[in-house]
Amino acid sequence: MVSVRSIVLASFGGLGVCASSFGAINPFTETFSSSAASWSSGSTFTALNYPSSGGPDGSGYGSTPFTFSAGSNGVPTAIFRCQTEFSSSGGAFFGSYVAAGVSTLTYSVRHDAPFPLEFFGRFVATGSPVGVAYTSTTLVAPNTWTTLTIPINNFADPNWTPEGGPSLFGSTFADVARVQIGVWGDANTASQNGPWTFDIDNVSLTPAPGATALLGLAGLAMGRRRR
């Protein structure tokens, strides 16, 4: 049986993406220390704000205001967008996660909405209108930096939702061209318009155990990236 959440995410797919000309750099951390991160808060490029301090480790982070709509109950909303057409993070999140041995993607988020929120991460391949999404079971409380982890090496995890058949996992992670971080709406979001402030920091790709040496032989860049 197809879940309601699967149907909603499929309708969330939107337009396809431009062809990717990047390869994933692994491991990698986007620290949002400047606008060079080039992440967007909209499907048409809309620059984030970049406060210079106040992140989880005291350093800079990305931030954007957001207002929920009255019809947001049960609807997924992308807050932060990393996309090939924006050249986000210098292309470090685009390409084949399979070939690079990526095992997890982690990210830290914070918001000031007056209720806990359920975050998701969504991945879409080059040219595809649909992708796969992972919803965290950890609710993010207001005004608290919270680090969430997406297990890219475990598609049996029930928190994954493919917007199509299971084969979509393979095709998506063979050529990632879009990464989105967002929240699920509920009865609270439908009745509280805001605007609220959403913050993001330290989005990281991590290789599977033993993959680092192989990546080095392949000539892939290593080390933490700071902008």
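Let's start at a turn. In the hairpin of β5 and β6, glycine 127 takes a positive phi near 75 degrees. That hairpin has 5 residues between its strands. One caution before we go on: this is a predicted model.

Now the two strands on either side of that turn. β5 covers residues 118-125, and β6 covers residues 131-135. They pair in the antiparallel sense, over 5 bridges. For one contact to look up, take phenylalanine 123: its bridge partner in β6 is valine 132.

Is β5 enclosed or open? It is largely enclosed by the rest of the structure, because 7 of its 8 residues are buried.

β5 also pairs with β9. Here 8 bridges join the strands, which run antiparallel. Find glycine 121, and you will see isoleucine 181 as its bridge partner in β9.

Next, β9 itself, residues 176-184. Which strand does it pair with over 7 bridges? That is β3, again in the antiparallel sense. Proline 76 has tryptophan 184 of β9 as its bridge partner. β3 runs from 76 to 83, and 8 of its 8 residues are buried.

Last, the core. In soluble globular proteins, nonpolar side chains tend to be buried together. In this model, the largest nonpolar core has 44 residues. Which residues have the most contacts inside it? They are Trp39, Phe93, Tyr97, Leu105, Phe119, Phe123 and Phe198. The largest share of this core comes from strand β10, residues 196-207, which gives 5 residues.

Keep an eye on Phe123. It pairs with valine 132 across the hairpin strands, and it is among the residues with the most contacts inside the core.

Notes:
Residues are numbered from 1 along each chain as its sequence is written. This is a predicted model: local features need pLDDT of at least 70, side-chain atom pairs count only at pLDDT 80 or more; totals for chains, interfaces and linings use all residues. Side-chain values use heavy atoms; hydrogens and water are left out. Buried means under 20% relative accessible area, exposed over 50%, partly exposed in between (1.4 Å probe, protein chains only). Helices (H or I, at least four residues) and strands (E, at least two) are DSSP runs, numbered from the N terminus. Two strands pair if DSSP finds at least two bridges between them. A nonpolar core is a set of buried Ala, Val, Leu, Ile, Met, Phe, Trp, Tyr and Cys residues joined through side-chain atoms within 4.5 Å.
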